[in-house]
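Notebook open, coffee poured. I want to go through the cysteines, then the surface, then the inside.

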Amino acid sequence: MSRRPSLSRRRLIAAASVGAATAVAVTLTATAGATDTKDQARRAIQGGKAKNVILLIGDGMGDSEITLARDYTVGAAGRLNMDKFPLTGAYTTYAVHKDGSPDYVTDSAASGSGWATGVKTVNGRISKTPGSDKAVPTILELAQKKGYATGSVTTAELTDATPAVLASHATDRSCQGPADMAKCPTDAIAGGGPGSIAEQSVNHKVDVLLGGGKQRFDQKVTHGKYKGLTVTEQAEKLGYQVVTDNRELKKVKSVKGGKPVLGLFAPGNVPVEWTGKTAAKGGTDPQRCTTSNPGRPSGTPELKDQASKAIALLEAKQKNARSKQGFFLQIEGASIDKQDHAADPCGQIGETAAFDRAVKVARDYAAKHPDTLVVTTADHAHTSQIVPLEAQPPGLSSTLVTDEGQQLKVNYSTNTPGKSQEHTGTQVRIAAQGPQAYRVQGVTNQTDLFRTVREALRLR
């Protein structure tokens, strides 16, 4: 009969395991094309407190979407910025039914609620429990209570599911503005609730909110203190500086005197950066993507510029307040998912490339501020698959000519032609650097990301 190891022996085993993991991480960093130094890799293995957390979410950005963008833009042997983190793992994304049993394919509301609250919920719900429909505190709310500056940046509407999970609680994700409350009667102000996602977001006084969705904020509040005002006017009453294009965003110097910033850069989702022919039944002729979308207004800030400005504003706020705490910032590349739904490979690749440039902004900041935890991941996987050129998929497909001058065929077959393509239930990548980054290794659960951020910022 074997004896249980003594406490001291168990500690030695644990220490040896960490040492081995460090050696493995450093080896992988050297051999997989990543650019981190050995010291950066070692720091990522260690624990410790983070002053700042930057969480980057590529909506619908599964491994297929990453590979497609890599192959097209930097080549099969190239590496994206998101490929250069010292530590990489995978996490599961399933939602649950009201009884807690697994729902194997999640939507963005349930998946976002998972990392925002640490609690899995039903598809369509925003940071509320699956059975009792009760609000659950979010990581942003906990950070605010501890004195951290907070921000959310997205290429979707600011009231869309992924940004919504941080600063609102709603029975259904569709309840974005005061006029959209049909599925959330108990959440409406008239029903004694906190109001629509737009109303809740500004009421939370998140320091920096940048994205699309002006149409939701232009809706009039129907009940309560701000009745008769638009949500934008409500935001201004609450002290927000409201900007609508890149020129105005550049003029904002700081979160003055605690005054937050609301950027609304499109009526709905922010227009995509690239265009091209959508996939078709029987395929398309080989095409190159158009990297300048004529339908994107010239004053629309790129995601990397929004990310950079958000970081600067949050950092400045804390310095001006002489706060010992840093900031929590979520950055979403939302239309990777939306273009995947539309079977639009060029739109999808362009949004992934734009997201990757935002990843570089975050990593460049962390290089100068090593007490920053940077995490990049996705909320769920999606439909696009790279297939052989001779394949004849039954659904939609398109042939691209990559920057390497080679042809690549991408297939969309998770729904019948003419219908929106579907999410898939596979695990997705998660990668990180900085304090507590070691927690992303292996195969974890989406709710574990909540605990990683909470531990990094010491939110008790």
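**Entry 1: the first disulfide I checked.** Note to self: this is a predicted model. I began with the torsion about the S-S bond of Cys175 and Cys184, which comes out at about 95 degrees, so this disulfide is right-handed. The sulfur atoms of Cys175 and Cys184 sit 2.0 Å apart. Next I asked myself: is Cys175 buried or exposed? Its relative accessibility is 1%, and the cut-off for buried is under 20%, so Cys175 counts as buried. Cys184 goes down as buried too, because its relative accessibility is 0%.

**Entry 2: the other pair.** I looked up Cys289 and Cys346, which form a disulfide with an S to S distance of 2.1 Å. The torsion about that S-S bond is about -80 degrees, so I noted this disulfide as left-handed. Where do the two cysteines sit in the chain? Cys289 is in the loop between strand E9 (280–281) and helix H11 (303–320), while Cys346 belongs to helix H13 (residues 345–368). The pair is 57 residues apart and links distant parts of the chain. I have both Cys289 and Cys346 down as buried.

**Entry 3: cysteine tally.** How many disulfides does the structure hold? I get 2. With the bonded cysteines numbered in sequence order, I wrote the pairing as 1-2, 3-4.

**Entry 4: the surface.** I went looking for nonpolar side chains on the outside and found a patch made of Tyr94, Tyr104 and Val105. Together they have about 300 Å² of accessible area. I then singled out Tyr104, which lies in the loop between strand E4 (102–103) and helix H4 (108–117). Its relative accessible area is 61%, and the cut-off for exposed is over 50%, so Tyr104 counts as exposed.

**Entry 5: the inside.** A reminder before I turn inward: in soluble globular proteins, nonpolar side chains tend to be buried together. Here the largest nonpolar core has 88 residues. Which residues have the most contacts inside it? My list reads Ile54, Leu56, Leu262, Phe328 and Ile331. Helix H13 gives the most to this core, with 7 residues.

I followed up on Leu56, leaving aside its neighbours within four places in sequence. The contacts of Leu56 include Ile331, Phe355, Ala358, Val359 and Ala362. Leu56 also touches Val374, Val375, Thr376 and Thr377.

Apart from the largest core, I found another of 14 residues. Among them are Ala279, Leu396, Leu408 and Cys346, the last being the disulfide partner of Cys289 from my second entry.

Key
Residues numbered from 1 in each chain as written. Predicted model: local features only at pLDDT ≥ 70, side-chain atom pairs only at ≥ 80, totals over all residues. Heavy atoms only, no water. Disulfide = S-S within 2.5 Å. Buried < 20%, exposed > 50% of the residue type's maximum accessible area, 1.4 Å probe, protein only. Helix = DSSP H or I, 4+ residues; strand = E, 2+ residues; numbered from the N terminus. Patch = residues over 30% accessible without salt bridge, like charges linked within 9 Å, V, L, I, M, F, W, Y side chains within 5 Å. Areas by Shrake-Rupley, 256 points an atom, 1.4 Å probe, with all protein chains shown as cover. Salt bridge = Lys/Arg side-chain N within 4 Å of Asp/Glu carboxyl O. Core = buried A, V, L, I, M, F, W, Y, C linked by side-chain atoms within 4.5 Å. Contact = heavy atoms within 4.5 Å.
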